[in-house]
Amino acid sequence: MHISIPVLVLGNLLVYLQNGSIPDTVISLLLSSILALFLKTLSLKEEKKEIEALFRNIYRSPEKWIEQIEMNYNNSLLNYEIGQIINNHTNINDVLDSVVQVSEKRLNYDRGALFLADKEGIFLEFKAGFGYFERDKILLRKTRFHLKRPDSRGIFVVSFREKRPFLINDINNIEQDLSKRSLEFAKQLGSQSFICCPIMYENKSLGIIVADNIRSKRKLHQSDLSLYMGIASAIGMALKTAELFEDKEKQFQSTLRILASSIDARDPLTAGHSEKVTEYAVAICGLLDLDSDTTEMIRLAALFHDYGKIAIPDTILKKEGPLSSDEYLSIQSHAVKTREILEEISFEGIYRDVPIIAGSHHEKMDGSGYPGRLKGKDIPLGSRIIAVADYFEALTAKRHYRDPMIVDEAIAELRKASGNHLDKEIVDVFIPYIQTTLGSGSEKTVSA
Ligand SMILES: [Fe+2]
């Protein structure tokens, strides 16, 4: 007789055993129980594995999510910060420094370097980097990559020349494609895998950026390359913007130099007065610990403070005898004329206040000055600084109507004018400076 014996474990029908006899049935029952137990143990093990895997995934997923969110967040911040660099930095070196700082903070790479082509476009030169040991930086600084050799096979040069990015996961795989020099360079830096992207602007290569992971050994992926290409393009724009600003600044400064020299051309005796006043004014800015933008603005205002004299007739400007009241008023009008002329020049940004500061250099602390009869702190700080510098320079320089005053006498005059005509705080820092730099002495003049 054949009996089918179901093997049930915990209510689950697993399998039917077939056998022919009653005594066999007992054996079969026993066997089926053993088999059922065995199968269930196996099943439990599998289930346990699955559950463990599930838990591992559940545990790992949030981690991965957080990692991804962090990466996205970092990349957004990176883009934002690079945007800020484009907007705020008008100097190429500032751009380079900022790009490196942002990259080091936001990118998950151990090392990064930026190379730019020189002005002639002949060499690729290291400009900035992060994560390198000092000995590596020395090597980077002294290594220049020739861009004009057609047979050059180095990745940096090829990336620059062919305007294409590279993701190299193992430098040994491309060993045969590299020149001996390139391979030696990579080995000296300990590079194994790296990414390299051209920095471009309007389809022209400006340089390259490279990154690698030498310590963390994190494998570089296509996503790293995509991110780095985005950064390279933003850097290209930042560099070009800074270059345009620098060119504009150079043009602006040369225009100003020409303008300034035209004042000196007017009267040889007062030639150099504006430069001297500028020198003193800048020194005072340093003594007062003013920031570089304010100092630069005051420097320009000092250079042009008497520009309005260009509109005063020679007969009055160079008159040796006493002036009539009309002539005196005419001379005084140079302050307003300075402001009016400078307002015609489009001073922007940090230079915006140059006309008002230059035009107010004859205001006095007690309100008896001109043209606005401004009082005390109503007079712009730059004008108060220029007033002190102008007063001292005028006393110690030769004029049409008198000889130069010696330094000690001029210092005594500064003290007399302090508080009523000149700002006491400025005079107080200026006198020790004069004594140190020019030296005091009863017979000493500034020009002696
Ligand atoms: Fe003046």
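**Figure 1. The hairpin of strands E7 and E8 in the predicted model.** Met-200 of strand E7 stands opposite Ser-205 in strand E8. The two strands, E7 and E8 (residues 204–212), run antiparallel and are paired over eight bridges. Two residues lie between the strands of this hairpin, and Glu-202 in the turn has a positive phi of about 45°. Strand E7 covers residues 194–201 and is mostly covered, with six of its eight residues buried. E7 also pairs with strand E6 (residues 166–168), again in the antiparallel sense, over three bridges. In that pairing, Ile-168 stands opposite Phe-194 of E7.

**Figure 2. The open sheet of six strands.** The strand order is E5-E4-E3-E8-E7-E6, and the pairing is antiparallel. Strands E5 (144–146) and E6 stand at the edges; each has a single partner strand, so one side of each is left without a neighbour in the sheet. On average, neighbouring strands of this sheet are turned by 25° against each other, direction ignored. Strand E3 pairs with strand E4 (residues 123–130) in the antiparallel sense over six bridges. Ala-128 in E4 is the bridge partner of Leu-114. In a regular strand, side chains alternate between the two faces of the sheet.

**Figure 3. Surroundings of Leu-116 in strand E3.** Strand E3 spans residues 111–117 and includes Leu-116. Leu-116 counts as buried because its relative accessibility is 10%, below the cut-off of 20%. Leaving aside residues up to four places away in sequence, Leu-116 touches Leu-96, Phe-123, Leu-124, Glu-125, Lys-127, Ile-199, Leu-206, Gly-207 and Leu-239. Among these contacts, Phe-123, Leu-124, Glu-125 and Lys-127 fall within the residue range of E4, Ile-199 within that of E7, and Leu-206 and Gly-207 within that of E8. Leu-239 falls within the range of helix H6 (residues 222–266). The C-alpha atoms of Leu-116 and Ile-209 are separated by 8.8 Å, although these residues are 93 residues apart along the chain.

**Figure 4. A buried salt bridge between Arg-111 and Asp-136.** The closest N and O atoms of Arg-111 and Asp-136 are 3.8 Å apart. This pair links distant parts of the chain: Arg-111 is in strand E3 and Asp-136 is in helix H3 (residues 134–142), 25 residues away. Both partners are buried: Arg-111 has a relative accessibility of 2%, and Asp-136 has a relative accessibility of 3%. Side chains of opposite charge can pair when their charged atoms come close.

**Figure 5. Two salt bridges within helices.** Lys-240 forms a salt bridge with Glu-243, with 3.3 Å between the closest N and O atoms. Both residues lie in helix H6, and because they are three residues apart they are separated by about one helical turn. Glu-243 is partly exposed, with a relative accessible area of 33%. In helix H7 (residues 273–287), Glu-279 and Lys-276 are likewise three residues apart, so about one helical turn separates them. Their side chains meet in a salt bridge with an N to O distance of 3.6 Å. Glu-279 is partly exposed at 42% relative accessible area, as is Lys-276 at 23%. Elsewhere, salt bridges that share partners join Arg-111, Arg-135, Asp-136 and Asp-212 into one network. The count for the model comes to 19 salt bridges.

**Figure 6. Coordination of the iron ion.** Asp-306 (OD), His-334 (NE2), His-361 (NE2) and His-362 (NE2) coordinate the iron ion at 2.2 to 2.4 Å. The arrangement is irregular because the four donor atoms subtend angles of 81 to 164° around the iron ion. Along the chain, the donors follow the spacing D-x27-H-x26-H-H. Asp-306 and His-362 link distant parts of the chain, being 56 residues apart: Asp-306 lies in the loop between helix H8 (292–303) and helix H9 (314–317), and His-362 in the loop between H12 and H13. Asp-306 is buried, with a relative accessible area of 5%, and His-362 is buried as well, at 19%.

**Figure 7. Ser-360 in the loop between helices H12 and H13.** Helix H12 covers 354–359 and helix H13 covers 381–396, and Ser-360 is found in the loop between them. Ser-360 counts as buried because its relative accessibility is 5%, under the 20% limit. Not counting residues up to four places away in sequence, Ser-360 touches Ile-379, Pro-380 and Ser-383.

Technical notes: Residues numbered from 1 in each chain as written. Predicted model: local features only at pLDDT ≥ 70, side-chain atom pairs only at ≥ 80, totals over all residues. Heavy atoms only, no water. Helix = DSSP H or I, 4+ residues; strand = E, 2+ residues; numbered from the N terminus. Buried < 20%, exposed > 50% of the residue type's maximum accessible area, 1.4 Å probe, protein only. Contact = heavy atoms within 4.5 Å. Pairing = 2+ DSSP bridges. Donors = N, O, S within 2.8 Å, 3.2 Å for Na, K, Ca; no water. Tetrahedral: all angles 85-135°; square planar, octahedral: opposite > 155°, others 65-115°. Axes fitted to C-alpha atoms, helices over the stretch in contact; angles between N-to-C directions. Salt bridge = Lys/Arg side-chain N within 4 Å of Asp/Glu carboxyl O.
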